[in-house]
Amino acid sequence: MTLGSATPLSDVVSPEALEPASGGSARLALGREPDAYVSPGSVQEVVEVLEWARATSSAVLPVGTGAHVGDRRAERPYVVLSTARMTGIEIYEPADLTLTAKAGTGLAELGGMTGEHRQWLPFDPMDAAKRTLGGLAATGVTGPLWAGYGHVRNHVLGMTVVCGDGRALRLGGRVVKNVAGFDLIKPMVGSRGRLAVITAVTLRLFPVPTLDRVLVLEAADLVSLVPTARAVATARTLPASIVLSLSTGAASFLVRLHGADETVDADQRMLEAHAGVSFAAKEGTEAEALLAATRDAGADAEVLLYASTLPSQLGALLDSIQGALRGVDCVVVADVAEGCARVAFSGAGYSDAVLEMCAGVEALGGTVAVHRCPIDASPAALSTPLSPDAHEIGEGVKRIFDPSGVLL
């Protein structure tokens, strides 16, 4: 592939890097097919690809598995840069609860390694088992477990990145207090690859809780569970996660408690007394299956969006969503502590429903981020726009790390 340059991409990277890996089969919603897939095997190859892209005025889309590209469109020729060949744990210090791994390393692989030492990464975004470490950092999506452990942004201690102009940077380190001045890691986490290609990440780990219990309350209607959910969210005990779920017409409320046996028992009694309900308790494989099914519900749906508002307005948000999707078989998973709902559905005739939903959420003062929606308008055009000041700040940061606009 040349793209207007005398130097073909095949002369820049090794033959192995041009063999389609996971990025080659990924579902990419960019409005046009990429001109090539490249899977660098080293930081230096990433540098060379980005320098080549700048010289040829082509764009680069960094991906992990390529399954969560989200709300963007390609207006010019581009290549997909997959981190699929950049895998493996570089440094693991169980005594320090820190781990450094290459960006393409799967979260499932990391979980197997850390689990041997009774340690884990307390992050549960949708499709967690299929995500890579670099993808986790790039999206910055933690999942409902943020309520008990904090967002992934707070636990990234260091990373190696390659900026859009080919500069390789090593940010942070392997200890908690490793930054003097402005923390460059913070804008990288959640930047979705628009600032730089993440090639390695250092994370803080946590001990696996002695007991992981899920409290369950079921109902025929999702909105009817909101008062109980808000009562739990405002109780003295803060659970590890608080989730409302609607799938195949059945509504459920899931509260996850972590700790020693006595502590979890006491927390359950206190929450039941505070909310005036009795929960069904699940542990072990039964709890794991329920949590996984809820976490990944709607992952393969044609339409996937996130709506958010103040946690105190969660009931109105869910009521607005259900009103817009009346008659549509949809999946709704709401993070009660954050006031955010993931909505997923498939089928014909959903364009009007999406537009009505967006309008209803914004009327509440909330925001909508459309991750996947195969209609004529781009997902970004349907999402709630940033304010002019926020947009200018974001563009200014991008110009610093990617002055030529190479990264999509």
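Let's begin with how far this predicted model can be trusted: across the protein the pLDDT averages 88, and 89% of the residues score at least 70. One stretch calls for more caution, since residues 22-27 have a pLDDT below 50. In the model, that stretch still makes 16 contacts beyond its near neighbours in sequence.

Now take in the whole protein. It is built with 12 helices and 18 strands. There are 408 residues, and 53% of them count as buried. How does the chain bring its residues together? Take the contacts between residues at least 6 apart in sequence: 72% of these join residues at least 24 apart. You can keep that figure in mind as we visit single residues below.

Let's go inside. In soluble globular proteins, nonpolar side chains tend to be buried together. In this model, the largest nonpolar core has 48 residues. Leu244, Phe253, Leu318, Ile321, Phe345 and Met357 are the members with the most contacts inside that core. Try finding Phe345 in the structure. Leaving out residues up to four places away in sequence, Phe345 touches Ala301, Glu302, Val303, Leu325, Val328, Asp329, Cys330, Tyr350, Val354 and Met357. Met357, then, is a contact of Phe345 and is also listed with Phe345 among the residues with the most contacts in the core. There is also a second, separate core, which has 28 residues, including Ala101, Phe123, Leu171 and Ile198.

Ile198 leads us to our next stop, Ala103, because we can look at what surrounds a residue that is buried at 1% relative accessibility. Ala103 is found in the loop between β5 (98-102) and α2 (107-115). Which residues does Ala103 touch, not counting those up to four places away in sequence? They are Thr83, Met86, Thr132, Leu133, Gly134, Gly135, Ile198, Thr199 and Ala200. Leu136 is 33 residues from Ala103 along the chain, yet the C-alpha atoms of the two are separated by 9.0 Å.

Gly135 brings us to the empty spaces in the model. A search of the whole structure finds 2 cavities of 30 Å³ or more. The largest cavity has a volume of about 320 Å³. Its lining is made of 23 residues, and Pro62, Val63, Gly64, Gly135 and Ala138 lie nearest its centre. Which elements each supply at least two residues of that lining? They are β2 (59-63), α3 (133-139) and β9 (196-204), and α3 gives the most, with 4 residues. By class, the lining of the largest cavity divides into 10 nonpolar, 10 polar and 3 charged residues.

Next come the pockets. The second largest pocket holds about 160 Å³ of space. Two or more residues of its lining come from each of β11 (211-219), β12 (241-247), β13 (250-259) and α8 (284-295). Among these, β13 gives the most, with 4 residues. The lining has 7 nonpolar, 4 polar and 1 charged residues. Among the lining residues are Glu218, Ser245, Ser252 and Leu254.

Let's pause at Ser252, which lies in strand β13. Is Ser252 buried or exposed? Its relative accessibility is 13%, so it counts as buried, the cut-off for buried being under 20%. Setting aside neighbours within four places in sequence, Ser252 is in contact with Leu217, Glu218, Leu225, Val243, Leu244 and Ser245. Leu244 is also one of the residues with the most contacts inside the largest nonpolar core.

Another strand to visit is β17 (residues 340-345), where you will find Cys340. With residues up to four places away in sequence left out, Cys340 touches Tyr306, Ala307, Ser308, Val333, Ala334 and Asp335. Cys340 and Leu310 are 30 residues apart in sequence, and their C-alpha atoms are 8.3 Å apart in space.

We finish with two residues to check for their backbone angles. Ser57, in the loop between α1 (43-56) and β2, has a positive phi of about 60 degrees although it is not a glycine. With a relative accessible area of 57%, Ser57 is exposed. Leu97 also has a positive phi, near 55 degrees, and is a residue other than glycine. Leu97 sits in the loop between β4 (89-93) and β5. At 26% relative accessibility, Leu97 counts as partly exposed.

Terms used:
Residues numbered from 1 in each chain as written. Predicted model: local features only at pLDDT ≥ 70, side-chain atom pairs only at ≥ 80, totals over all residues. Heavy atoms only, no water. pLDDT = per-residue confidence, 0-100. Contact = heavy atoms within 4.5 Å. 1 Å grid on protein atoms, 1.4 Å probe; cavity = no way out; pocket = protein on both sides within 12 Å on 5 of 7 lines; lining within 4 Å. Points joined across faces, edges and corners; volume = space filled by probe spheres on them. Nonpolar A, V, L, I, M, F, W, Y, C, P; charged D, E, K, R; others polar. Core = buried A, V, L, I, M, F, W, Y, C linked by side-chain atoms within 4.5 Å. Buried < 20%, exposed > 50% of the residue type's maximum accessible area, 1.4 Å probe, protein only.
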